[in-house]
Amino acid sequence: FQNLLLLYIASPSVVAWSMAMKRTHCDNDEGVQNLSSLNALDGIAATIFLFALCIECMADNQQLRFQNKKHAINSVSGTFASATKSIMAKSAENKDLVDGFCQSGLFAIVRKPNYAAEQLIWISYYFFSVAASAPATWPHSQSQGTVLWVNWSMGGFILLCLLFQGSGWLTEQISTSKYPAYRNYQRRVPLYMPKITTLWNLLVGNGHEKGGKVQ
């Protein structure tokens, strides 16, 4: 199933390619000839794609650093480990290590920023197929053609997002069974979609959230 899904989520490339072929070979179709190789929609899709890719890389790297530090501390046993965790518990900076899971940085905005970014990557990828149907002058003039906002390749990112709902739920169940503090984290931080108040605090330069910290 996953291999077929990967093919399907990449299908916007086929839609974009088919539109390019029509533009190349259909000389008598004025609507097709008005299409452009690049337009504003391509720029929007590319910007969102690169933004989501950067977010996913940052989230993965942040999680990797946290897990490495966590395992390094847990590998030390005895009195030293107990003393270290006792000192860490007094510092808000080390709350993640005390509770056992990452909840600062991007993880203070949403609980699974890497999952959220992965979904956004493929949603933006779909819009390249939409951009392939847009006239060169979009959005300033739409008289030369109609943008096809919906096409058959849309099902790819929809199925992927549904898959992430299931996998996200499963990992949440595992986390709540392992970490007592995770339920409070769930109440405080949304799963995929950030709170408007959190985004506003970031825009105005106030990166602190109750119970966590945006770094």
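The paragraphs below lead from the overall make-up of the protein chain to one helix and then to a patch on the surface.

The model is predicted, and its protein chain has a secondary structure of 10 helices and 2 strands. Followed along the sequence, the pattern is α-α-α-α-α-α-α-α-α-α-β-β, with the two strands coming after the helices. The protein chain has 215 residues, of which 38% count as buried. Among the contacts with a separation of 6 or more, 76% are made by residues 24 or more positions apart in the sequence. The protein chain exposes about 12,800 Å², and 65% of this area is supplied by carbon and sulfur atoms.

Helix H4, which runs over residues 40-74, has 35 residues and reaches 51 Å from its first C-alpha to its last, close to the 51 Å expected at 1.5 Å a residue. At the N-terminal end of H4, Asn 39 acts as a cap, with a side-chain oxygen lying 3.0 Å from the backbone nitrogen of Leu 41. Leu 41 is also one of the buried residues of H4, a list that includes Ala 45, Ala 52, Ile 55, Ala 59, Phe 66 and Ile 73, together with Asp 42, Glu 56, Gln 62 and Lys 70. An α-helix has 3.6 residues a turn, so residues three or four places apart point the same way.

On the surface, Val 14, Trp 17, Met 21 and Trp 152 form a nonpolar patch, and their accessible area together is about 440 Å². Met 21 belongs to helix H2, which covers residues 12-25. Met 21 counts as partly exposed because its relative accessible area is 30%, a value that lies between the limits of 20% for buried and 50% for exposed.

Note on methods. Residues numbered from 1 in each chain as written. Predicted model: local features only at pLDDT ≥ 70, side-chain atom pairs only at ≥ 80, totals over all residues. Heavy atoms only, no water. Helix = DSSP H or I, 4+ residues; strand = E, 2+ residues; numbered from the N terminus. Buried < 20%, exposed > 50% of the residue type's maximum accessible area, 1.4 Å probe, protein only. Contact = heavy atoms within 4.5 Å. Areas by Shrake-Rupley, 256 points an atom, 1.4 Å probe, with all protein chains shown as cover. Patch = residues over 30% accessible without salt bridge, like charges linked within 9 Å, V, L, I, M, F, W, Y side chains within 5 Å. Salt bridge = Lys/Arg side-chain N within 4 Å of Asp/Glu carboxyl O. Expected span 1.5 Å × (residues − 1). Polar contact = N/O pair within 3.5 Å; in protein donor to acceptor, adjacent residues only side chain to side chain.
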